[in-house]
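Hi there,

Here is the structure I promised to pass on to you. Please open it first, and then read my notes below with the picture beside you.

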Amino acid sequence: MSTSHEPTPGMEKHPLFHPPEETLRNAHVQDYVKVYQESIDDPAGFWGRIATELEWFTPWTSVLDWDPQTYTGRWFPGGTTNISHNALDRHVAKGYGNKVALIWSGDSGEERVITYSQLLDSVERLCHGLHSLGLEKGDRVSIFLPPTPEQVISMLACARMGLIHSVVFSGFSEAALKSRMEDAQPKLLITADAGFRRGKEIPLLQTARAARTGILSIRNTLVVRRKDPRFPVDASSGEKAFDELLEKNRKKGSFPPAPMGADDPLFILYTSGTTGKPKGIVHVQPGYMVGTYLTTRWVFDIRDSDVYFCVADPGWITGHSYIVYGPLLNRTTVLMAEGAPDWPDPGRWWKLIEKYRVTVFYSTPTAVRLQMRHGEKWPSGHDLSSLRLLGSVGEPINPEAWMWFRNVTGGRLPIMDTWWQTETGMHMITPLPATPLVPGSATKPFPGVEVDIVDKNGNPVPDGESGLVVIKKPWPAMFRTVFKDPDRYRQYWTEIPGMYFSGDSARRDSSGFYHLIGRIDDVIKVAGHRLGTAEVESALVSHPAVAEAAVIGKPDSLKGESLKAFVILRQGKKPETEEELSSLRKDIRHHVREELGAIAQPDEIEITDWLPKTRSGKIMRRVLRARELGLPEGDTSTLED
């Protein structure tokens, strides 16, 4: 593994965009430089003060107990709390029970509105039901549900009881679900009779039944009757109806939250690597709670009047941190949307923003580029005046998509381009609403987070040069371990000794702004020059005919690697003749040359209608490369199609 140090062509050609005066005036953090420096000078004092904004059953004895031998960070040891209590009971006790917690929009237009009191009631009834099934603190529960309120209720009930939830995205195959349950060994599986996407039924229970075969740890399966309220569960195999269990426990009253300490896991979430089986990332309650609470509050500048819409699925870390836990800890009204952004038409999300007067909209670069393909007529056809803040997550957002997102929503809204990982649990590099922005840059580290860009030996690289993103000090929402694989956990801290190795590369410009390039294996060396796939893809997508692009490196006897680009064209831009196609390819190559230089010109351009993506929207370039070169594709369980 190595990095080189060529400056990024044109890296600082974009101007700074300053926040609107109203944003600057009302932001929770108005002086980033001062707050950041204070947080680095006294991290224990900083995180301790934030933690006191939440409720604890017993006080902590110290903010952090860090073991440099095992790289274990025990946050708030001695203290006990419960994230479900802080997300629900705390607000209801203060008189906010009638405030709307969840608005759910189903794939076919169904709607449910749930207040904080109603959500707490459902969670407590489910806790009584799970207790009646014999589940106890420390037991594991696999959740294989579509993005519905029952998914949120299940997560919060597990957290309340001290059960460890393992949410598996409902689009996964039988094999992917089975492998995750084989590792987690849950006592309970929660699933649904069906899910829906683009109006089509997804047979979740059929998948779940096949996947649970042979997993002897599973005693019961709870079935949410999403499609048919009279669906007959198979009691002989331990199946029980979710709604009947809740109804049976309607009059049981409150269910006390379990006191959770520094070593008590909250969840296991599986994330794929380029090789090997998925990793079970383990997060614990107290530190994760404090980290997601603060990042949600400061990054999205949360106010009591907000309606917050994150397009992720709670089955991913973005959904865990920034649909369920972070927003509810901040007493936010959360909009959840089942289904695709362009079904029944490309105006779906814009329509929801208008209908529910959404104020904060957290999307992905892939979704933004998809909307770009459909054109400005869809957002322009809706009243988006309620929006005051935008967000981006999942991968670096190219400057053109950044500008399009900003322009179609009024041309003045700040965009929070957030960098973080399943392992970090919370935002690590991100703007704050009152800070200046550069299109395509995640700007600077969040307060309390110490980031650097280094070479393979851990030495800091000069500004303007590429390097490896590392985190130099522990942070509250850091993961505790890889489930049943401590050696895999230690690899994060021993690749570059004493620092958390993210596996991502970036450059920092002369103003201190971070420009994420992508995964280390998404960096291509052409004739001695290292090029980030994200940089070349940004240049491709800035061509007026290109909607989406992916770039891979291919072995080349002369240059080491040559570039091949896979390109999806915008609507109406597809050539009708071979001559027109050849001309378009030539024009795209010239455009990239103008944007990045001759070294970045793709040697090949393949026009395609499809790119392999994870269900969270990241392009799987390694799959493209494997198929191109006839190599094994590795773990493809997160592949969307």
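**Charged pairs and where they sit**

Lys554, Lys564, Glu604, Glu606 and Glu628 are joined to one another in a network of salt bridges. Before going further, please keep in mind that this is a predicted model. In total, the structure holds 43 salt bridges. As background, side chains of opposite charge can pair when their charged atoms come close.

Let's walk through three single pairs.

The first to look up is Asp121 with Arg125. Their side chains meet in a salt bridge, with a distance of 3.1 Å from N to O. Where do Asp121 and Arg125 lie? Both are in helix 5, which covers residues 116–132, and they are four residues apart, about one turn of the helix. The two partners are covered to unlike degrees: Asp121 has a relative accessible area of 31% and is partly exposed, whereas Arg125 has 9% relative accessibility and counts as buried, because buried means under 20%.

Next, try Arg212 and Glu239. This pair also forms a salt bridge, and the closest N and O atoms are 3.0 Å apart. Here the link runs between distant parts of the chain: Arg212 belongs to helix 8 (residues 204–212) and Glu239 to strand 11 (residues 239–241), 27 residues apart. Is Arg212 buried or exposed? Arg212 is buried, at a relative accessible area of 14%. Glu239 counts as buried too, with 2% relative accessibility.

The last pair is Glu548 with Lys613. In this salt bridge the closest N and O atoms are 2.7 Å apart. Again, distant parts of the chain are linked: Glu548 is in strand 26 (residues 546–556), while Lys613 sits in the loop between strand 28 (604–607) and helix 19 (621–629), 65 residues apart. Glu548 is buried, with a relative accessible area of 2%. Lys613 counts as buried as well, at 12% relative accessibility.

**A negative patch and an annotated span**

Now turn to the surface. Which residues form a negative surface patch? They are Asp31, Glu38, Asp41 and Asp42. You can find Asp31 in the loop between helix 1 (21–26) and helix 2 (32–41). Asp31 has a relative accessible area of 39%, so it is partly exposed, the class between 20% and 50%.

There is also an annotation to look at in this part of the chain. UniProt, in an unreviewed entry, places the feature "domain: Acetyl-coenzyme A synthetase N-terminal" at residues 32–87. That span is 43% helix and 14% strand, and its end C-alpha atoms lie 27 Å apart.

**Two distances to try yourself**

If you would like some practice with the viewer, start from Lys137, in the loop between helix 5 and strand 5 (140–144). Lys137 counts as partly exposed, at 45% relative accessibility. Its C-alpha atom and that of Thr422 are separated by 24 Å, and the two residues are 285 residues apart along the chain.

Then go to Gly467, which is in strand 20 (residues 467–471). Gly467 is buried, with a relative accessible area of 0%. How many Å separate the C-alpha atoms of Gly467 and Pro229? The answer is 55 Å, for residues that are 238 residues apart along the chain.

Enjoy exploring, and write back with any questions.

Best wishes

How values were computed
Residues are numbered from 1 along each chain as its sequence is written. This is a predicted model: local features need pLDDT of at least 70, side-chain atom pairs count only at pLDDT 80 or more; totals for chains, interfaces and linings use all residues. Side-chain values use heavy atoms; hydrogens and water are left out. Patches are made of residues with over 30% relative accessible area and no salt bridge: like charges are joined within 9 Å, nonpolar side chains (Val, Leu, Ile, Met, Phe, Trp, Tyr) within 5 Å. Accessible areas come from the Shrake-Rupley method with a 1.4 Å probe; for residues, only the protein chains shown count as cover. A salt bridge is a side-chain nitrogen of Lys or Arg within 4 Å of a carboxyl oxygen of Asp or Glu. Lys and Arg count as positive and Asp and Glu as negative; His and the chain ends are not counted. The place of a charge is taken as NZ of Lys, CZ of Arg, CG of Asp or CD of Glu. Helices (H or I, at least four residues) and strands (E, at least two) are DSSP runs, numbered from the N terminus. Buried means under 20% relative accessible area, exposed over 50%, partly exposed in between (1.4 Å probe, protein chains only). UniProt positions are given in the numbering used here, feature names are shortened, and annotations may be inferred rather than shown by experiment.
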